[in-house]
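Reader: I should like to learn how to read a model of this kind, feature by feature. May we begin with the confidence scores?

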Amino acid sequence: MEARWAASVMQLEEYEDMLSRSIVDERVQAIAAQLSEGAMKVLKVSTQSSDI
Amino acid sequence: MLPLPASARLVTIFDTNVYHGISFERLRGLTERESTLGVFALASVWPCCELLTHCGDADDTRNGRARAAVERLLLHAGRDAPDGRHLRMHLDGENTLGLGLFNYQPEHDLREYNQIATVIRDLVKQHWHGTTEAQAALLEHIVRMVADKETAFVSDMAAVARVEATHDNSRQQARAKVVAELDGPDGVFLVAKRKVQETAARLNIALGDNETSGLAAIAAAGYPVAMHFLKRMTRRAIAFPEINWVHQQNSYWDFHMSFHAGWGATTQRRPMGTSYGRPRTSCGCDGGALGCFSHAT
């Protein structure tokens, strides 16, 4: 379960890397695959490790 | 209401600290890349409020930094219109839950979001000069609102930390028992159930036990980051009652933000599951500077 939900919060650097490598669809698919159903298409982007 | 463009493949929401830390140049590059790739940025209302609390008082040492962050937020999550740049905003966490579980339409809050989006548009357009009385009053209202929310959060966490002794257990034993329950397989479900009960009470909705449990399961599955976050906070409060939550009050805003990393708004008590793409229902938003996408599916 931990791995499933952690995937939806992304650090800024990781997010920029996703954009620079044009892997938006791959990333969304990976998140969706980690969830039980549906594509999670909302990402919270942060610059720090969240205390969650 | 503004529909999401058909090209939107991903919706992204930045935390306050991103807008504080990123340079305009870096943000422009990122925004261009988002546009090319069909990534659609929205603002969350509480980062707007957090930043605006430092924008009204010229003597506030964080004033310049906060204003620059607001400008970056508007650059990232705004759209150009004839009367200035309009902010696109997502529903906040608590209201996302109320809408998702009970189809509650937060019309008052949406009107307030609209005012917040409008004041951001106008103050940036004015280059922060010539603040009107109405704008100053709204900024003061936001300062009070943020302070009230933080005070309520600290009080709530203090209440959570209060575990009383029972007939069979000392206070320490009772505390350990609750922590063990939270660490168990039903920990997330238990906090989700409490959150459902709180939300129902806030909205004056009566729920039976079975209905509460069903909605708790939906909340746990539909808002996984928020519910895990809540479990962590609850556990910390109970396991470490000496924590002074005044120093942890930013956790309240993080909690709100964490609702965005989920299935988002739901209708008819079922998670949408399939993300954003097309508008489904009117949200009562009257346009203006606010584009509310909370009912999009």
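Author: This is a predicted model, and pLDDT expresses the predictor's confidence in each residue, from 0 to 100. Chain A averages a pLDDT of 57, and 35% of its residues score at least 70. Over residues 35–42 of chain A the pLDDT is below 50, although this stretch has 29 contacts in the model beyond near neighbours in sequence. The pLDDT also stays under 50 over residues 1–7 of chain A, where the model has nine contacts beyond four places in sequence.

Reader: Which elements of chain A have the lowest and the highest mean pLDDT?

Author: Helix H1 (residues 2–6) of chain A has the lowest, at 33, and helix H2 (residues 12–20) of chain A has the highest, at 82. The secondary structure of chain A comprises three helices and two strands, in the order α-β-α-α-β along the sequence. Of the 52 residues in chain A, 35% are buried.

Reader: What are the corresponding scores for chain B?

Author: Chain B averages a pLDDT of 82, with 85% of the residues at 70 or above. Residues 264–297 of chain B stay under 50, and the model has 102 contacts for them beyond four places in sequence. For the model, the ipTM is 0.73 and the pTM 0.80.

Reader: How many helices and strands does chain B have, and what share of its residues is buried?

Author: There are 12 helices and five strands in chain B. Buried residues account for 43% of its 297 residues. Of the contacts in chain B with a separation of 6 or more, 74% join residues 24 or more positions apart.

Reader: Which residues have the most contacts inside the largest nonpolar core?

Author: They are Cys48(B), Val70(B), Leu73(B), Ile120(B), Ala219(B) and Met227(B), in a core of 72 residues. Helix H11 (residues 224–239) of chain B gives the most to this core, namely eight residues. Leaving aside residues up to four places away in sequence, Leu73(B) touches Tyr19(B), Ala43(B), Pro47(B), Cys48(B) and Leu51(B).

Reader: Pro47(B) appears among the contacts of Leu73(B). What separates the C-alpha atoms of Pro47(B) and Asp15(B)?

Author: The separation is 6.6 Å, for two residues 32 apart along the chain. Asp15(B) lies in the loop between strand E1 (10–14) and helix H1 (16–21) of chain B. A residue is buried if 20 or more other C-beta atoms lie within 10 Å of its own; Asp15(B) has 25 and is therefore buried.

Reader: How should one read the side of a helix that is buried?

Author: An α-helix has 3.6 residues a turn, so residues three or four places apart point the same way. In helix H9 of chain B, the buried residues are Gly187(B), Val188(B), Val191(B), Ala192(B), Lys195(B), Val196(B) and Thr199(B). These cover an arc of only 165° around the axis, which puts them on the same side of H9(B). Their cover includes helix H5 (93–102), helix H8 (171–183), helix H10 (209–222) and H11 of chain B.

Reader: What span should H9(B) have, and how far apart are its end C-alpha atoms?

Author: At 1.5 Å a residue, the 16 residues of H9(B) (residues 187–202) should span 22 Å, and the end C-alpha atoms are 23 Å apart, which agrees. Helix H2 (residues 24–37) of chain B has 14 residues and reaches 20 Å from its first C-alpha to its last, close to the expected 20 Å.

Reader: Where do positive phi values occur?

Author: Most residues other than glycine have a negative phi. Gly38(B), which follows H2(B), has a positive phi near 75°. Asn204(B), just after H9(B), takes a positive phi of about 55°. His127(B), a residue other than glycine, has a positive phi near 55°, and Trp128(B), also not a glycine, has one of about 70°.

Reader: Where does His127(B) lie, and is it buried or exposed?

Author: His127(B) lies in the loop between helix H6 (107–125) and helix H7 (133–161) of chain B. With 9 C-beta neighbours inside 10 Å, His127(B) counts as exposed. Trp128(B) lies in the loop between H6 and H7 of chain B and is partly exposed, with 16 other C-beta atoms within 10 Å.

Reader: Finally, how many residues lie between E3(B) and E4(B) in their hairpin?

Author: Two residues lie between them. Strand E3 (residues 78–81) and strand E4 (residues 84–90) of chain B run antiparallel and are joined by four bridges. Gly78(B) has Leu87(B) as its bridge partner in E4(B).

Conventions
Residues are numbered from 1 along each chain as its sequence is written. Chains are lettered from A and ligands numbered from 1 in the order in which they are written. This is a predicted model: local features need pLDDT of at least 70, side-chain atom pairs count only at pLDDT 80 or more; totals for chains, interfaces and linings use all residues. A nonpolar core is a set of buried Ala, Val, Leu, Ile, Met, Phe, Trp, Tyr and Cys residues joined through C-beta atoms within 7 Å. A residue is buried if 20 or more other C-beta atoms lie within 10 Å of its own, exposed if 12 or fewer, and partly exposed in between; C-beta atoms are placed from the backbone. Two residues are in contact if their C-beta atoms, placed from the backbone, lie within 7 Å. Two strands pair if DSSP finds at least two bridges between them. The expected span of a helix is 1.5 Å times one less than its number of residues. The arc is that of the directions from the helix axis to the C-beta atoms.
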